[in-house]
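Student: Please take me through this structure one feature at a time, with the general idea before each case.

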Amino acid sequence: MSNEEVLHSQTATGHVHDTDHDHNGHHHHHETFITKYVFSQDHKMIAKQFLITGMFWAVMGGLMSVLFRVQLAYPDESFPFLETLLGKWAKGGHISADAYYALVTTHGTVLVFFVLTAGLSGTFANFLIPLQIGARDMASPFLNMLSYWFFLAASVVMLSSVFVETGPFSGGWTAYPPLSALGSASPGSKTGMDLWLIAMALFVVSSLLGGLNYIATILNMRTKGMTMTRLPLTIWALFFTAVLGVLSFPVLLSGFILLIFDRNFGTSFYLSDIYVNGVGALPNEGGSAILYQHLFWFLGHPEVYIIILPAMGIVSEVMSTNARKPIFGYMAMVGSLFAIAVLAFLVWAHHMFVSGLNPFLGSFFVLLTLLIAVPSAIKVFNWLTTLWRGNIRFTPGMLYSIGFVSMFISGGLTGIYLGNSALDIHLHDTYFIVAHFHIVMGVAGIFGMYAGIYHWFPKMYGRYLNNTLAYIHFWITFVGAYLIFWPMHYEGLAGMPRRYYDYTNWESFKMFAGVNLFITVVALIVFAVQILFLFNFFYSIFKGRKVTSQNPWGSNTLEWTAPIRPGHGNWEGEIPEVHRWAYDYGKDGKDFIAQTTPVGAEEGKH
Amino acid sequence: MSTYFVIAVIVLVFVVIFQIAKASEYVSILKGEEKARKQNNKINGFLMIAFLFLGLIGVFYCHEILKGRILGESASVEGEKVDEMLYITTVVCGIVFFITQILLFWFPYKYQEKENTKVFFFPHNNKLEVFWTVVPAIALSVLVVIGLRNWFIFTGEAPKNALVVEITGKQFGWIMRYPGKDNQFGKKYFRNIDDASNTLGLIWADNAEFNQKADPASYDDIVDNSSTMYVVKNRPVKLIINSRDVIHDVGLPHFRMKMDAVPGTPTTLWFTPKFTTSEMKEKTGNANFEYEIACDQICGNGHYSMKGIIKVVSQASYDEYQRMQKPYYLTAFPEKDPSAAPPAADTSKNTTAPNKGVVEGTVNKTLH
């Protein structure tokens, strides 16, 4: 089988790409529908599979948020269509508390893991790593394929939990025990939680298979001349992302395994001193509920960098290309990615300042947490300097990159509030934190993803997305995101708790009813515009304007030296050799100098 | 019917937008893609600066509308420090926010693509990079120092004269306990819990199976199952926080404090209320004002309804309230009242009730 042939010749020769690779490109692969579109081992197809599955979950997660926002906006009104849609979960057209919490929980879980982890780094790591480092495929295309199929299995299990009688898990995406351990404490903690745990375990496997593969590929399979310091920043970001995932996901899994034991086998890792209404005292003693939080956040915090680092990499690349100017401070950008990756492991307990954690221990986490603002600040200033005195083209990808930086600033600054434990003691678990992480991780992560999709869509499908729709999509999403999340800061400053089904009985929070209504209306509009994007995406795959030039954005990186619609193996003929870094834009009066261009004798040094 | 109408309108709007978008694509091809791109570039460059202006106005306008709805003055002495820190942090972050956002949208406008622009090849500059590494590091150090100083006050020992009240979360309400006349909390053990008569599981009787001996200190403890707590104005109050089932959180927005209630791991929190509830009613102009305890940690499907009330009263009213309460033991066993009231001898020195009565302990603020 020719795929196998590619695989073996690739792995056998490792990173040495000699002329004997010629036959790979010219060879006509025998591909059936199944091997090309379903069980594909081509990294580009796997990337598209990740992307489209991620988009499915983005729509599901977005729809869930729309549903629970309707409840927050209209706590007293009933909408008959909700009963049609949700059945017993919305009797009389009124979403029940059970359903509300299930929606909130599933929304959080799928957006964090399935959309912003698998959909973002799964898509772009798969698509960009081989193309930008000059490799014909991943180190192990087979493991890569498995990574997707484990993700799909996780998706199927998670989706199935929506249909069980007791409902999906409803204890928040962080799944703190004892609530998540005791089916008697919440209906969502019955079968729904078992399915949630199985789905997440499958997802961890998927992440590890993917991550190990990305690391191996980046370290071993760079083309001739592609030293580490010539890598585009996308690859650096994806590399650190993979390292974070490989080191932290196993810890999460261990936490889940203990939880499975507590749930099913009568152990007491997390349980102690519990009396459940209607059930009585449980036999468990001696466990610590806080142990789970340590294990969870040891992944949970790196996880937010797993989400944001690929977005940062994409933004750096897209911004430099469209400013027609080198990224400012390449080594500082790599250094700050590295600093963030290291610090990511040392700040997890800032999620636990008010959990009963020793306050003295907490104080170290304050210091380390605020320290992480330094590399983040460096990145922002470097992006700003990249824009300064450029010649900026507002492609949709560029707009989303600028939007990303704006969101990252706004959400990053509120992190300085929350990372300081003496302020967190007031703001913890209020809408302030909801605003913070949605802006800095949710919206910024999605913006990075959109920047990537708009920028590399021509490479993925050989066609363009419709620009007018893209501009409408960007401006409404961008303005809408601020309108949704900015007022939430004020709700949080007033101490309004997150994850409340109804605020009408609270003297302290009911004055925000109008704000909640406003947020919901904007959320509905923004959601509708995302549907417009989906339409643009799928329509353009088949009917979009065809790409006619190999390098439509005038970019330096290697993927634009491949054919417009590259086959499995990426380059016809020899793999290009690299002679310079990826950011020679506007050097010596030249608009751009591709990485494959040898350094001229007269050329200035940077 | 109206649902279908709404759907039809939405679909129609989509179709119209899509047709316009397609038409504009054809026009751009006819006009020449390069020319169309440059036009689009101008429009988006303008939108960048327009967004900056409207955004800044929006930030100001939003603040004007909502500033009255965030909490007014802190109702606790310690909360003033939180507010002060909020203010300092907002000034520091606000400066950075406005500078960076203005540059972020002004640069794209100013440096949008123009004919014959020669971009400035500027790959790095060590001085600049060191400058904006060091300045944020210094600013953040200042914030850390202020923050930690306050943090250690908040989480440090409560003053000696502090009132001590125990608060226990359960699905979905709060149980308050006062130490009674002897000023000591009796021991409790969760297997003694009986939702009808002993909601906290106080150790009132010997039990060989549990290896426990009746704790006389528990006989005069006052338990209030109505989710309402009484504390005294200007007197520090220390809460000993427990949970009976899952994790809850004692959220006190007006006092700017919160702490999780963890089953098996008692936590503490202390603050000094500044205003009585009736003073706050006047201050806020809201006759229904109450200091509400909001559960801030998702605890099940009734999470949103898990409300408690703190009544801040004068010392005299508090003493009156205490006098009116009957010890919980006597509520459970009315026949022992009053002659059979237990002697207050042989009490251990603990203020809270560790498990099983085996560990005589201080209050655990920490994991262990």
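Student: In strand 10 of chain B, which residue is the bridge partner of Tyr291(B)?

Tutor: Helices (H or I, at least four residues) and strands (E, at least two) are DSSP runs numbered from the N terminus, and two strands pair if DSSP finds at least two bridges between them. In this case the bridge partner of Tyr291(B) in strand 10 of chain B is Ile310(B), and strand 9 (residues 291-295) of chain B pairs with strand 10 in the antiparallel sense over four bridges. Ile310(B) is also the bridge partner of Met229(B), while strand 4 (residues 228-232) of chain B and strand 10 pair in the parallel sense over five bridges.

Student: Before we go on, what kind of model is this, and how are its parts labelled?

Tutor: It is a predicted model, in which local features need pLDDT of at least 70 and side-chain atom pairs count only at pLDDT 80 or more, whereas totals for chains, interfaces and linings use all residues. Residues are numbered from 1 along each chain as its sequence is written, with chains lettered from A and ligands numbered from 1 in the order in which they are written.

Student: What is the mean pLDDT of chain A?

Tutor: pLDDT is the predictor's confidence in each residue, from 0 to 100. For chain A the mean is 91, and 95% of the residues reach 70 or more. Over residues 1-27 of chain A, however, the pLDDT is below 50, although this stretch has 38 contacts in the model beyond near neighbours in sequence; a contact is a pair of residues whose C-beta atoms, placed from the backbone, lie within 7 Å. Where pLDDT is low, the predicted coordinates should not be read in detail.

Student: Which side chains along strand 10 of chain B are buried?

Tutor: In a regular strand the side chains alternate between the two faces of the sheet. A residue is buried if 20 or more other C-beta atoms lie within 10 Å of its own, exposed if 12 or fewer, and partly exposed in between, with C-beta atoms placed from the backbone. Along strand 10 (residues 307-313) of chain B, Gly308(B), Ile310(B) and Val312(B) point to one face and are buried, while Lys307(B), Ile309(B), Lys311(B) and Val313(B) point to the other and are not.

Student: How many residues of helix 4 of chain A are buried, and how many of helix 1 of chain B?

Tutor: Let us take the span first: the expected value is 1.5 Å times one less than the number of residues. Helix 4 (residues 43-73) of chain A has 31 residues and reaches 44 Å from its first C-alpha to its last, close to the 45 Å expected. In this helix 24 of the 31 residues are buried, so helix 4 of chain A is largely enclosed by the rest of the structure. Helix 1 (residues 2-31) of chain B, with 30 residues, should span 44 Å, and its end C-alpha atoms are 43 Å apart, which agrees. Of those 30 residues the number buried is one, so helix 1 of chain B lies largely in the open. Just after this helix, Gly32(B) takes a positive phi of about 105°.

Student: Which residues have the most contacts inside the largest nonpolar core?

Tutor: A nonpolar core is a set of buried Ala, Val, Leu, Ile, Met, Phe, Trp, Tyr and Cys residues joined through C-beta atoms within 7 Å. The largest one has 289 residues, and those with the most contacts inside it are Leu238(A), Phe404(A) and Ala444(A). Its largest share, 22 residues, comes from helix 6 (residues 97-133) of chain A. Leaving aside neighbours within four places in sequence, Leu238(A) is in contact with residues including Phe124(A), Leu128(A), Tyr214(A) and Pro310(A).

Student: Where do Pro178(A), Phe172(B) and Asn116(B) lie?

Tutor: They lie in loops, where the backbone angles deserve a check. A cis peptide bond, with omega about 5°, joins Pro177(A) and Pro178(A), and Pro178(A) lies between helix 7 (141-161) and helix 8 (191-220) of chain A. Another cis peptide bond, with omega about -5°, joins Gln171(B) and Phe172(B); Phe172(B) is in the loop between strand 1 (163-170) and strand 2 (173-178) of chain B. Asn116(B), in the loop between helix 3 (77-110) and helix 4 (126-155) of chain B, has phi near 60°, a positive value in a residue other than glycine, and is exposed, with 5 other C-beta atoms within 10 Å.

Student: How many residues does the contact take from chain A and from chain B?

Tutor: The contact takes 106 residues from chain A and 100 residues from chain B. Helix 17 (residues 467-493) of chain A gives the most to the side of chain A that touches chain B, with ten residues.

How values were computed. Contact = placed C-beta atoms within 7 Å.
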